[in-house]
Amino acid sequence: MYEYASDESGEELLKTNSIFQGEKDYEIMNYYLNPYHNYQTLKPGVLIQNPFIKVKQNTPSFNIYKHRSGKWKYNDFATNDFGDVYDLVKNLFNLSLMQAKAKIQDDIAKIFNASKLTVNENENEKNQQIVT
């Protein structure tokens with residue numbers, strides 16, 4: 001279900017939902033960037049393959065970091081582009097801001113189920129290490 005607000009022209013705009021704040025931004029970025037790194041979860045500050053460049057890079061040029069505002073952001077050193085979770089989805093899928101917000105909202109169940117699976121897999125690995 002989407003929440004809408006109207007701007008001055010009366011056009012409906014998708015509201016930013018509070019679920020996309022702070023650590024949730026990290027989970028969303030991790031979900032969409034998963035094909036571009038070899039880690040269970042994306043590591044802040046570690047360079048990964050650039051998702052906006054289709055040719056495999058010899059030197060990865062893309063990372064995510066937690067901004068002093070508390071929001072997770074990405075930095076693309078190849079193009080000097082940077083942005084938040086919405087900019088990432090816009091650029092990955094060539095969408096407008098409204099479409100990017102709608103895509104995230106549509107994918108939210110998959111995103112957080114994937115996140116829970118990763119956490120559970122990590123806990124299972126730890127438990128197996130303790131038992132063996």
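Q: Leaving aside neighbours within four places in sequence, which residues is Y32 in contact with?
A: This is a predicted model. Y32 is one of the residues with the most contacts inside the largest nonpolar core. Neighbours within four places in sequence are set aside here. What remains is L88, V89, L92, F93, K103, I104, D107 and I111.

Q: How many residues does the largest nonpolar core have?
A: In soluble globular proteins, nonpolar side chains tend to be buried together. Here I28, M29, Y32, L33, I64, L88 and I104 have the most contacts inside the largest core. The size of that core is 21 residues.

Q: Which elements each supply at least two residues of this core?
A: The core includes I28, I64, L88 and I104 among its most connected members. Helices and strands both contribute. The elements supplying at least two residues each are α1 (23-33), β3 (62-66), β4 (72-76), α2 (85-93) and α3 (97-131).

Q: What pattern does the protein chain follow along the sequence?
A: The chain has three helices and five strands. Read along the sequence, they give β-β-α-β-β-β-α-α.

Q: Which residues of β4 lie on its covered face, and which on its uncovered one?
A: In a regular strand the side chains alternate between the two faces of the sheet. In β4, W72, Y74 and D76 form the covered face. The uncovered face is K73 and N75.

Q: How many bridges join β3 to β4?
A: The two strands run antiparallel. I64 of β3 stands opposite Y74 in β4. The pair forms a hairpin with five residues between the strands, and G70 in the turn has a positive phi of about 95 degrees. The bridges joining β3 to β4 number five.

Q: Which residue in β5 does Y74 stand opposite?
A: β4 also pairs with β5 (residues 81-83). Three bridges join them, and the strands run antiparallel. Opposite Y74 in β5 stands G83.

Q: Which residue in the turn between β4 and β5 has a positive phi?
A: β4 and β5 form a hairpin with four residues between them. The residue in question is not a glycine, yet its phi is near 60 degrees. It has a relative accessible area of 62%, over the 50% cut-off, so it is exposed. The residue is N80.

Q: Is N50 buried or exposed?
A: N50 is found in the loop between α1 and β3. Its relative accessibility is 2%. The cut-off for burial is under 20%. Therefore N50 counts as buried.

Q: Which side chains make a polar contact with the side chain of N50?
A: Not counting residues up to four places away in sequence, N50 touches Q57, S61, F62, D76 and A78. One side-chain polar contact is 3.4 Å, to S61. Another is 2.5 Å, to a residue on the covered face of β4. The partners are S61 and D76.

Q: At what distance does the side chain of Q57 reach the backbone nitrogen of N50?
A: Q57 is also found in the loop between α1 and β3. Its relative accessible area is 14%, so Q57 is buried. Its side chain makes a polar contact of 2.7 Å with the side chain of S61. The side chain of Q57 reaches the backbone nitrogen of N50 at 2.8 Å.

Q: Why are the buried residues of α2 on the same side, and what arc do they cover?
A: An α-helix has 3.6 residues a turn, so residues three or four places apart point the same way. In α2, V85, Y86, L88, V89 and L92 are buried. They are on the same side of α2 because the arc they cover around the axis is only 160 degrees.

Q: Which residue caps the N-terminal end of α2?
A: The cap uses a side-chain oxygen. That oxygen lies 3.0 Å from the backbone nitrogen of Y86. The capping residue is D84.

Q: Which residue with a positive phi follows α2?
A: The residue is in the loop between α2 and α3. Its phi is about 55 degrees although it is not a glycine. It is exposed, with a relative accessible area of 70%. The residue is N94.

Q: What share of the 132 residues in the protein chain is buried?
A: The protein chain exposes about 8500 Å², and carbon and sulfur atoms supply 50% of that area. Buried means under 20% relative accessible area. The share of buried residues is 30%.

How values were computed. Residues numbered from 1 in each chain as written. Predicted model: local features only at pLDDT ≥ 70, side-chain atom pairs only at ≥ 80, totals over all residues. Heavy atoms only, no water. Core = buried A, V, L, I, M, F, W, Y, C linked by side-chain atoms within 4.5 Å. Buried < 20%, exposed > 50% of the residue type's maximum accessible area, 1.4 Å probe, protein only. Contact = heavy atoms within 4.5 Å. Pairing = 2+ DSSP bridges. Areas by Shrake-Rupley, 256 points an atom, 1.4 Å probe, with all protein chains shown as cover. Polar contact = N/O pair within 3.5 Å; in protein donor to acceptor, adjacent residues only side chain to side chain. Arc of directions from axis to C-beta.
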